[in-house]
Amino acid sequence: QVQLVESGGGLVQAGGSLRLSCAASGRTFSRSSMNWHRQAPGKQRELVAQITSGGSIFYVDSVKGRFTISRDNAKNTLYLQMNSLKPEDTAVYYCNIHAVTGMDYWGKGTLVTVSS
């Protein structure tokens with residue numbers, strides 16, 4: 001059974017930083033793309049950042065220059081370093097792994113609240 005557990009969310013003032021972690025268990029995901037999504041209140045879930053098994057990285061325009069996605073395959077863990085946070089970043093952040101089989105796995109989310 002696969003389990004993804006996010007951590008690191010919390011309350012921070014605008015301009016502050018947080019680091020999110022996603023610990024995966026149940027199988028190895030070294031060949032899988034790993035992603036962070038977020039969902040703000042009343043809005044659709046959106047892809048924030050992606051890192052492929054080959055190291056290719058994608059960021060949504062709104063977080064470019066502020067967020068950094070990384071992975072540690074030895075620890076089967078995904079990270080998101082978030083700097084210069086804005087109130088618009090307030091959302092539940094979800095870890096997502098797109099396996100080579102085509103199956104998606106999701107964590108339960110961690111809440112990030114950025115005050116103005």
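User: Let's start with strand 3 and strand 8. How many bridges join the two, and in which sense, parallel or antiparallel?

Analyst: Strands of a sheet pair through backbone hydrogen bonds, either parallel or antiparallel. Here, strand 3 and strand 8 are antiparallel and pair over six bridges. For register, take alanine 23: its bridge partner in strand 8 is threonine 77. Keep in mind that this is a predicted model.

User: What is the strand order of the sheet?

Analyst: Read a sheet by listing who sits beside whom. This open sheet has four strands in the order 1-3-8-7, with antiparallel pairing. Strand 1 (3-7) and strand 7 (67-72) are the edges, each pairing on one side only. Neighbouring strands are turned by 15° against each other on average, direction ignored.

User: Take the edge at strand 1. Over how many bridges does strand 1 pair with strand 3?

Analyst: Five, in the antiparallel sense, with strand 3 covering residues 18-25. Serine 7 has serine 21 of strand 3 as its bridge partner.

User: And the other edge? How many bridges join strand 7 to strand 8?

Analyst: Six bridges, and the two strands run antiparallel. Isoleucine 69 stands opposite leucine 80 of strand 8. Check the connection too. The hairpin of strand 7 and strand 8 has four residues between the strands, and asparagine 76 takes a positive phi near 55° there.

User: How many residues of strand 8 are buried?

Analyst: Five of its six, so strand 8 is mostly covered, buried being under 20% relative accessible area.

User: Now the nonpolar core. Which residues touch the most other members?

Analyst: Look for the members with the most partners. The largest nonpolar core has 30 residues, and those touching the most other members are Trp36, Phe67, Ile69, Leu78, Leu80, Met82 and Tyr93. Next, ask which strands contribute. Strands 3, 4, 5 (46-51), 7, 8, 9 and 11 (110-115) each supply at least two residues. Isoleucine 69 and leucine 80, the opposed pair from the hairpin strands, are both on that list of core members.

User: What is tyrosine 93 in contact with?

Analyst: Set aside neighbours within four places in sequence. The contacts of tyrosine 93 then include Trp36, Phe67, Leu80 and Met82. Polar and charged residues appear as well, among them Glu6, His37, Arg38 and Thr110.

User: Which side chains of strand 11 are buried?

Analyst: Read the strand residue by residue. Thr110, Val112 and Val114 point to one face and are buried. Leu111, Thr113 and Ser115 point to the other face and are not buried.

User: Which strands pair with strand 11, and in what sense?

Analyst: Compare the two senses. Strand 2 (residues 10-13) pairs with strand 11 in the parallel sense over four bridges. Valine 12 has valine 114 as its bridge partner there. Strand 9 pairs with strand 11 in the antiparallel sense over three bridges. In that pairing, alanine 91 is matched with valine 112.

User: On to charges. How many salt bridges are there?

Analyst: The count comes to four. Arginine 38 and aspartate 89 form one of them through their side chains, at 3.0 Å from N to O. Arginine 38 lies in strand 4 (residues 33-39) and aspartate 89 in the loop between strand 8 (77-82) and strand 9 (91-98), so the pair ties together parts 51 residues apart in sequence. Both residues are buried.

User: What else does aspartate 89 meet in a salt bridge?

Analyst: Arginine 66, at 2.8 Å from N to O. Arginine 66 sits in the loop between strand 6 (57-59) and strand 7, so this pair links parts 23 residues apart in sequence. Arginine 66 and aspartate 89 are both buried. Shared partners join Arg38, Glu46, Arg66 and Asp89 into one network.

User: Is aspartate 61 buried or exposed?

Analyst: Exposed, because its relative accessibility is 61%. Its side chain meets that of lysine 64 in a salt bridge of 3.1 Å, N to O.

User: Last, asparagine 96 in strand 9. Which side chain does asparagine 96 join in a polar contact?

Analyst: For a polar side chain, check burial, then partners. Asparagine 96 counts as buried because its relative accessibility is 3%. Its side chain makes a polar contact of 2.7 Å with the side chain of asparagine 35. A polar atom of the asparagine 96 side chain also lies 3.2 Å from the backbone oxygen of tyrosine 105. Beyond four places in sequence, its contacts include Leu4, Met34 and Trp106.

Methods: Residues are numbered from 1 along each chain as its sequence is written. This is a predicted model: local features need pLDDT of at least 70, side-chain atom pairs count only at pLDDT 80 or more; totals for chains, interfaces and linings use all residues. Side-chain values use heavy atoms; hydrogens and water are left out. Two strands pair if DSSP finds at least two bridges between them. Axes are lines fitted to C-alpha atoms, for helices over the stretch in contact, and angles run from 0 to 180 degrees between N-to-C directions. Buried means under 20% relative accessible area, exposed over 50%, partly exposed in between (1.4 Å probe, protein chains only). A polar contact is a pair of N or O atoms within 3.5 Å; within protein, one must be able to donate a hydrogen and the other to accept it, and residues adjacent in sequence count only if both atoms are side-chain atoms. Contact means heavy atoms within 4.5 Å. A nonpolar core is a set of buried Ala, Val, Leu, Ile, Met, Phe, Trp, Tyr and Cys residues joined through side-chain atoms within 4.5 Å.
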